[in-house]
Amino acid sequence: MDQLNMFGGSKGEMPSPKIHVGINKVANGEFCFFPSFFNKLESDDFFQVLRKNISWKQESMNMYGKKIPFPRLTAWYGDQDKPYSFSGLTLKPQIWTNELLEIRARIEPVANVRFNSVLLNLYRSGNDSISWHTDAEKELGINPVIASVNFGETRTFQLRHIKTKEKIEIHLTHGSLLIMKGETQHFWQHQIPKTSKVVRERINLTFRFLI
Ligand SMILES: O=C(O)CCC(=O)C(=O)O
Ligand SMILES: [Mn+2]
């Protein structure tokens with residue numbers, strides 16, 4: 001199967017229970033979800049170009065004096081004067097590529113904010129994941145708007161309210177855009193769990209504004 005026919009698009013995908021297209025207000029949070037924000041052709045193109053041109057790195061976090069590799073590859077791009085720290089790492093951003101600027105120009109009018117940086121994740125298989133966390137680093141300000149763009153395999157994005165433990169699942173399809181805003185990062189953790197299904201690669205971009 002060639003790369004262009006690899007990803008099925010959102011037709012026939014499982015719907016995301018509770019979350020519908022457009023604005024969703026939940027307890028202590030707000031999400032805007034567009035399952036096919038980018039069409040199939042442009043999503044196929046973006047997947048290929050990003051897979052090839054992004055400088056993917058195997059970063060590790062320091063835990064009890066040990067280096068633990070992240071279960072995914074990552075990359076950090078953005079304005080040069082905005083270093084970013086998370087999980088004990090400080091990353092100096094790489095310079096924006098044309099594709100990243102193109103994607104940013106498409107999503108900024110919808111998110112209604114400016115983004116000066118983007119963190120990219122490459123999930124190589126079902127064994128790659130990101131565990132429960134919030135995007136609440138102090139450089140992101142009080143109520144950050146985070147815009148998540150997805151290409152490649154559909155993976156399940158889970159949210160969990162830190163007090164009520166309510167759970168929400170969103171199927172992040174090829175070409176989807178999910179915007180998290182309002183108080184979300186103070187009350188809802190999120191993760192992409194591992195899956196035992198045989199899955200193809202997935203690229204996720206989270207656009208952020210660093211103060
Ligand atoms: O891959 C995803 O959808 C989530 C990535 C994420 O939460 C992050 O990079 O902070
Ligand atoms: Mn996150």
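Here is a short chat about a predicted model, its metal site, its salt bridges and a patch on its surface.

Visitor: Which residues coordinate the manganese ion (ligand 2)?

Guide: H133 and H190 each do so through NE2, and D135 through OD, at 2.1 to 2.8 Å. Keep in mind that this is a predicted model.

Visitor: How are those donors spaced along the chain?

Guide: They follow H-x1-D-x54-H. D135 sits in the loop between β9 (130-133) and β10 (146-152), while H190 belongs to strand β14 (residues 188-192), so the two tie together parts that are 55 residues apart in sequence.

Visitor: Are D135 and H190 buried or exposed?

Guide: Both of them are buried.

Visitor: And why is the arrangement around the manganese ion (ligand 2) irregular?

Guide: Because the 6 donor atoms subtend angles of 50 to 167°. For six donors to count as octahedral, opposite ones must be over 155 degrees apart and all others between 65 and 115.

Visitor: Which domain does UniProt list for residues 114-211?

Guide: The unreviewed UniProt entry gives "Fe2OG dioxygenase" there. In the model, that stretch is 4% helix and 50% strand, and its end C-alpha atoms are 11 Å apart.

Visitor: Switching topic, how many salt bridges are there?

Guide: The structure holds 9. One of them pairs R106 with E42, at 3.0 Å from N to O. That pair links distant parts of the chain, with R106 in helix α2 (residues 98-111) and E42 in helix α1 (residues 40-53), 64 residues apart.

Visitor: How accessible are R106 and E42?

Guide: R106 is partly exposed, at 32% relative accessibility. E42 also counts as partly exposed, with 21%.

Visitor: What about E108, which residue does it pair with?

Guide: E108 forms a salt bridge with R104, and their closest N and O atoms are 3.9 Å apart. The two are 4 residues apart in helix α2, so about one helical turn separates them. R104 counts as buried, at 19% relative accessibility.

Visitor: And what does D128 pair with?

Guide: R124, with the closest N and O atoms 2.7 Å apart. D128 is buried, its relative accessible area being 6%, whereas R124 is partly exposed at 34%.

Visitor: Which residues are linked in a network of salt bridges?

Guide: K25, E30 and K181.

Visitor: Last one: which residues form the nonpolar patch on the surface?

Guide: M63, Y64 and I68, with about 370 Å² of accessible area together. Y64 lies in the loop between β3 (60-63) and β4 (66-69).

Visitor: Why does Y64 count as exposed?

Guide: Because its relative accessibility is 83%, and exposed means over 50%.

Terms used. Residues are numbered from 1 along each chain as its sequence is written. Chains are lettered from A and ligands numbered from 1 in the order in which they are written. This is a predicted model: local features need pLDDT of at least 70, side-chain atom pairs count only at pLDDT 80 or more; totals for chains, interfaces and linings use all residues. Side-chain values use heavy atoms; hydrogens and water are left out. UniProt positions are given in the numbering used here, feature names are shortened, and annotations may be inferred rather than shown by experiment. Patches are made of residues with over 30% relative accessible area and no salt bridge: like charges are joined within 9 Å, nonpolar side chains (Val, Leu, Ile, Met, Phe, Trp, Tyr) within 5 Å. Accessible areas come from the Shrake-Rupley method with a 1.4 Å probe; for residues, only the protein chains shown count as cover. A salt bridge is a side-chain nitrogen of Lys or Arg within 4 Å of a carboxyl oxygen of Asp or Glu. Buried means under 20% relative accessible area, exposed over 50%, partly exposed in between (1.4 Å probe, protein chains only). Donors are N, O and S atoms within 2.8 Å of the metal (3.2 Å for Na, K and Ca); water is not among the atoms, so sites may look incomplete. Four donors count as tetrahedral if all angles lie between 85 and 135 degrees; four count as square planar and six as octahedral if opposite donors are over 155 degrees apart and all others between 65 and 115; anything else is irregular.
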